[in-house]
Amino acid sequence: MTVITTHINADFDAMASLLAAQKLYPGAVVVFPGSQEKNLRNFFINSMVYLFNMTDIKDIDFSSVKKLVLVDTRQAKRIGKMAALLSQPGIEIHVYDHHPPAPNDIEGHFVVHELTGANVTLLVEKIRKKRIPISADEATIMGLGVYEDTGSFTFPSTTERDLKTAAWLLSKGANLNIITDLITREITPEQVTVLNDLIQRTIRHHIHGIDIVVTSVTTPHYMPDFAFLVHKMMRMENIDAIFAIARMDNKIHIVARSRVPEVNAGLVLTDFGGGGHANAAAASVKNKTLAQTEHELVDALYNTVRHRRRASDVMSAPPICIDAHLTCGQAAELVNRYSINALLVTQKDRNQKNLLGYITRQVIEKALYHHLSMVSVSEYMTTDIAQVAPDAELDEIQEKIIENKQRILPVVGPSGIMGVITRTDLLNLLVRSHNQKNDRLNGQRTHTVHVRTRVILKFMRERLSARLIELLQSIGSSAEALGYNAYVIGGFVRDLFLYHPNEDIDVVIEGDGIAFARQFSKETQTRIHTHEKFGTAVVIFPDGFKIDIASARMEYYEFPAALPTVEMSSLKLDLFRRDFTINTLCIQLNPNKFGTLIDFFTAQKDLKEKTVRVLHNLSFVEDPTRAFRAIRFEQRFGFTIGKLTVNLIHNAVRMDFFKRLSGKRVFSELRQILKEENPTPAIVRLNDFNLLKVIHPSIELTDSLVNLFTSTKKVIAWYDLLFMEESYMKWAVYFMGLAHSCDMATTMDICRQFELTPRLKTIFGKERFAAKKSLLALERNTKIDNSAIYRELAPFRIEIVLYMMAAARTESVRKAISHFCVHLRFIEPLLKGKDLRALGLPPGPSYRKILDAIQDQKLNGHLETREDELIFARRLANLRKP
């Protein structure tokens, strides 16, 4: 019998390796040495179990096993009860493993050990070489192992061979949809809680120049996706190295991730009976407390982590040298002038100094004592001199200075001597490292990172109405009853501190936002609209007041300017996806923490400094429309866009990330700018960043455009003061001003690009150009009566009329249009069709003509009363009778 097995708590790579090994060893049985993760077990049972010749370990007769095939491990302690076969006489052992060598590795009769990103890559290469056929389902499982263990080819351990293996498996029918569904895991409410605990309990250790995060958590039962949460935290917090300790089921588990070569995760966890790669490792610890494990882990880090400081980091530059032909007396002047204890001795060769040796202060002083000040330094210099490259590590520096008893160590690069490291430099570095270790032992070793919080309940009561306070409290109570945390977030909190009125309430729930919204709607007897895809809902009160509710979520972008993909997440991850730091403030609403302000990203500081800043450097790559919002917030609040953010906007424009944006998204941001009280400065700012071309290449900032916007602002302010109680689209008036110089073809091109509705296309196209003709007619007729003004303007909606008023070039036309807005458009005949019928006129088109004539006379001031209208109508009726 041939048995194929892998390590306990098998992952997808181990599972894929089992299947691949089964193809290489026909007739062999597959045995799991212990428990598997839940998602793996479900995957086997529900879909692909038929592919495996699987046997339970209890059904194996160990004495009949002649060959043991190990995949994805070489450690006896990681194969559970199967380790008993290792000592069985006559058994042949084959090993396929991609982990770095470790103590107590199993010695096999046949070993394939190479460092690839995924272990299954090693076996697939054998399958390809032997031309063994595989099915599409088998290719999918093997591909699953490659994608998982390389982090979809993003982990540093990924090799060219992994990519080639994945390509071959795709050619064999591997299903990427299945792979994506299994690798992309949503965070459950329980996992959200654990992730938050990990973040809150973060402790940073600065070890040998490297920041390393150690965090811990306790859960009542085993959580199979703990490594997934650790990886998510590392990505969100941008951590170089993290070690997460979890007590689950009275057993300690350690998960380690590292992105820097100085921290070898697998090597650190070797002392804990674990193992893995330099970038990812895990260990299980028995019979120790959480505190003991953490203490021992930190000790292991101090003993294992390599110094990050290279020779180029610690050297003194430029080096002070002396030419070989100069005298010892001149050397004495140099060491005294610069207060140094050694000089490099060099000789010029064209444009470069060649290193010959070094001479110390002690030798120089002795030479002077013996009256040898006129002798050249080349006579007494030390020529046997060690040197290091700029990237030399501390161990090499220490060895060469101490072993060679060398007072000064030159750092030499391709271009020549770059600097020197003295014994004093080395001593200072070692003392600092020693002091760090002593501080750690004395309980001063750590720095706990706390989120900035403070209670602002009193401030809220001063700024918010009693109704809003009561509403927010009821939200917190409902969330508490479901075991969720609730936060009011974003613009509402920002504007609270800026003293701007804002009752647009956005609530984030750490948990199932839709389930909360349904429960809250039931309690408050309100309506609800849900959006299952995004985990959001809108609660609508009887008076029309709305609350937006969302599950805490994280967005990621598959390519620049793409719409975001949404995953359930924790509060900090939710905040990290937002556009600017000033929009990341939130207030907790749960009863025991009601009114607690939470600030993860120094938003309060940026509000105080009146600065708009992005949260990360790829912000505009992910969503270029944030550039429009940055300008809008800058101009609305009188803020300044931060220097780095300015550079990132310029970079996004230069890289032309905006070309991938849909027109609808650009229009949405432009409309928000045009809705501002005064959009003119924002339009000017758009031009500063060369963003007007994103709207359309034909739109340019000219003096006439600025003047038109200024005029539009005055017209809108004037009209609003009339209190007409007539709703209209203010932004549309500005939009027509922006397109004022565009011809019909360009206008239609803009409308198509922005995917505007037919109604808006008609307003900005056909109606606007008709209005421009009417405006031209009004400007040409210097003497025009009220009825003519009415006939020119009456066909247009109020947005068009206000646009015409802003674009009018003469004061007389502006006055005529304002007269129409205030008076003329409301003048109508008092007579109706029935009155004309009473005069003996038969119904027909003449009714409209007579009523229009009456309206014209009223507009021109010739008719005032109903009696006047009857007399005039009677006269017209007599003329029209046969």
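Me: What makes strand β21 and strand β22 a pair, and which way do they run?
Reply: This is a predicted model, and in it five bridges join β21 (residues 527-531) to β22 (residues 536-540), running antiparallel. Two strands pair if there are at least two bridges between them, so these two qualify. One of the matches is T530, whose bridge partner in β22 is A537.

Me: What lies between β21 and β22 in the hairpin?
Reply: Four residues sit between the two strands. In that turn, G535 has a positive phi of about 65 degrees.

Me: How do you know that C742 is in no disulfide?
Reply: Searching the whole structure turns up zero disulfides. For C742, the nearest cysteine sulfur belongs to C751 and is 9.9 Å away. A disulfide needs the two sulfurs within 2.5 Å, so C742 doesn't make the cut.

Me: Why is C742 called buried?
Reply: Its relative accessibility is 4%. Buried means under 20%, so C742 counts as buried. C821 is buried too, with a relative accessible area of 0%.

Me: What makes β12 and β14 the edges of their sheet?
Reply: The sheet is an open one of three strands, in the order β12-β13-β14, with mixed pairing. β12 (321-323) and β14 (352-360) each have a single partner strand, so one side of each has no neighbour in the sheet. Ignoring direction, neighbouring strands here are turned by 40 degrees against each other on average.

Me: How do you know that β13 and β14 pair, and in which sense?
Reply: Strand β13 (residues 342-349) and β14 share eight bridges in the antiparallel sense. At least two bridges are required, so that pairing holds. Among the residues involved, V345 has G357 as its bridge partner in β14.

Me: Which helices pack on this sheet, and which strands do they touch?
Reply: Helix α12 (residues 328-338) packs on the sheet and touches β12 and β13, its direction making about 165 degrees with that of β12. Helix α13 (residues 361-369) packs on the sheet as well, touching β13 and β14, and its direction makes about 70 degrees with that of β14.

Me: How does the reach of helix α25 compare with what's expected at 1.5 Å a residue?
Reply: Helix α25 (residues 663-674) has twelve residues and spans 16 Å from its first C-alpha to its last, close to the expected 16 Å.

Me: Which residues of α25 are buried?
Reply: They are G663, R665, V666, F667, E669, L670, I673 and L674. To earn that label, each has to come in under 20% relative accessible area.

Technical notes. Residues numbered from 1 in each chain as written. Predicted model: local features only at pLDDT ≥ 70, side-chain atom pairs only at ≥ 80, totals over all residues. Heavy atoms only, no water. Buried < 20%, exposed > 50% of the residue type's maximum accessible area, 1.4 Å probe, protein only. Axes fitted to C-alpha atoms, helices over the stretch in contact; angles between N-to-C directions. Contact = heavy atoms within 4.5 Å. Expected span 1.5 Å × (residues − 1).
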